[in-house]
Amino acid sequence: MDTHDAQGPRPPQEPPTGTRDALTDVPGLRVGHAQRTEDGWLTGTTVVLAPQEGAVAGVEARGGAPGTRETDALDPRNLVERIHAVVLSGGSAFGLDAASGVMGWLEEQGLGVPVSSDPSQVVPVVPAAVIFDLGRGGRWQARPDAALGRQAVEAAAATEPGAEIAEGSVGAGTGAVVGGLKGGIGTASTRLASGVVVGALVVLNAAGSATDPATGVLYGELADGLPHIPSEDEHAEAEMLRSEAKEETARRAAGTLRPALNTTLVVLGTDACLSRPQAQRLAGSAHDGLARAVRPVHLMHDGDTAFALATSARELRGGEFNEVLAAGADVVTRAVVKAVRAAGGVDGPGGVFPSYTDLYGPALSGAEEDGSPEEHREHGAGS
């Protein structure tokens, strides 16, 4: 039995003081985006770049239609000890090509598993997973390739430690949607009392919804107990606009696959020293956080896949691993909320995807109306 959700929502963790509230708060992890939005394109790729020595990694897929590469290598029973990057991409199975561009760049840097006495002969380990966004920009053939993957990893390599991560309709989240609304990239982090940092990056592209159909409240904010509740009139108008957008999208996308496929992707990171089985367990906790923020989740038309990366800079003591697991679920929930709030609406040849802000306005929550943005952010729901 999963003890995280069985105990009900727990108080959210605070983001690390003075940092970005992002996956890059985990020392050694860098993130880069690349996307295309012109001439029928609406897709992109995001790369999480590990430190030079690599990261211990785990993975767990719970959706019914995963599109992945090199995930079997992360099984604790297999040979690979560390990975060098994770690729998250649009383009469905076609988008897995983006990982080839990342591998090529890593090889040029001499980063990978050594396979001979020649230091240039390495094989980078680059797990990848994709979302379904085909045709959302209007062109079915517009999908990420090796060149876009290379652009994303170069963007990651060019960032400074602890750099801010762009959120919303960028990278792998460029063509993402959730419940008829625009989805995208969200990220969050927390620091435990022990000093261990846990961060998450989410590519939100779910068949389910991030909003309560009766009220319009974000499920992820209900988990925090600090939701902004739209008025009945606001919600009625928003639902009418969303229904019209869905109808228009179906008209513009006539002839493409129905029902549409989706998939939400997660990368959890920590500077804790984890074994490979522990990293796999942490990847599983990401799905607990996702289930609090998206309903229904893990459907047959989703390919929900979560990775966990451990840079192993801090030793854990006693029951601290349980705290890491709990924090992992919490930051994923908050990253989903931030993805929804950061996304920008799209009105293009492939469909109409309004943003949550388009429908409900920019108010963050009832808490911000009564207090400062900083007070609200401490409770984990701010963007």
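These are my notebook entries on what I looked up in a predicted model of one protein chain.

**Entry on salt bridges**

I began with the charged pairs and found that the structure holds 17 salt bridges. The one I turned to at the start joins the side chains of D21 and R334, with a distance of 2.8 Å from N to O. I noted that this pair links distant parts of the chain, since D21 sits in the loop between α1 (3-6) and β1 (30-36), while R334 belongs to helix α7 (residues 320-342), 313 residues apart. Are D21 and R334 buried or exposed? I looked up both residues, and both are buried. I also wrote down that D21 and R334 do not stand by themselves, for they are linked with E167 and K338 in a network of salt bridges.

Next I looked at R150 and E154, whose side chains meet in a salt bridge of 3.1 Å, N to O. Why are R150 and E154 separated by about one helical turn? They are four residues apart in helix α3 (residues 146-157), so about one helical turn lies between them. I checked the cover as well: R150 is partly exposed with a relative accessible area of 26%, and E154 is partly exposed with 36%.

The third pair I followed was D271 and R314, where the closest N and O atoms are 3.2 Å apart in a salt bridge. This pair, too, links distant parts of the chain, with D271 in strand β13 (residues 265-272) and R314 in strand β14 (residues 305-314), 43 residues apart. I counted D271 as buried because its relative accessibility is 3%, which is under 20%. R314, at 35% relative accessibility, counts as partly exposed, because this value falls between 20% and 50%.

**Entry on strand β14 and helix α6**

I stayed with strand β14 and picked out T311, which has its place there. T311 is buried, with a relative accessible area of 9%. Which residues is T311 in contact with, leaving aside its neighbours within four places in sequence? I listed V26, P27, L29, P51, T270, D271 and A272. One of these contacts, D271, is the residue I had already met as the salt-bridge partner of R314.

In helix α6 (residues 276-293) I looked up A291, which is partly exposed with a relative accessible area of 28%. From A291 to V332 I noted 41 residues in sequence and 9.6 Å in space, taken from C-alpha to C-alpha.

**Entry on the backbone**

I then went through the backbone angles and found that the peptide bond from R295 to P296 is cis, with omega near -15 degrees. P296 is found in the loop between α6 and β14.

Two residues caught my eye for their phi values. D39 has a positive phi of about 50 degrees although it is not a glycine, and D39 lies in the loop between β1 and β2 (43-49). T263, also a residue other than glycine, has a positive phi near 110 degrees, and T263 is found in the loop between α5 and β13. Their cover is not alike: D39 counts as exposed at 63% relative accessibility, whereas T263 counts as buried at 3%.

**Entry on a charged patch**

Last, I looked at the surface and recorded a negative patch formed by E232, D233, E234 and E237. Of these I looked up E232, whose place is in helix α5 (residues 232-252). E232 counts as exposed because its relative accessibility is 71%, which is over 50%.

Terms used: Residues are numbered from 1 along each chain as its sequence is written. This is a predicted model: local features need pLDDT of at least 70, side-chain atom pairs count only at pLDDT 80 or more; totals for chains, interfaces and linings use all residues. Side-chain values use heavy atoms; hydrogens and water are left out. Patches are made of residues with over 30% relative accessible area and no salt bridge: like charges are joined within 9 Å, nonpolar side chains (Val, Leu, Ile, Met, Phe, Trp, Tyr) within 5 Å. Accessible areas come from the Shrake-Rupley method with a 1.4 Å probe; for residues, only the protein chains shown count as cover. A salt bridge is a side-chain nitrogen of Lys or Arg within 4 Å of a carboxyl oxygen of Asp or Glu. Lys and Arg count as positive and Asp and Glu as negative; His and the chain ends are not counted. The place of a charge is taken as NZ of Lys, CZ of Arg, CG of Asp or CD of Glu. Helices (H or I, at least four residues) and strands (E, at least two) are DSSP runs, numbered from the N terminus. Buried means under 20% relative accessible area, exposed over 50%, partly exposed in between (1.4 Å probe, protein chains only). Contact means heavy atoms within 4.5 Å.
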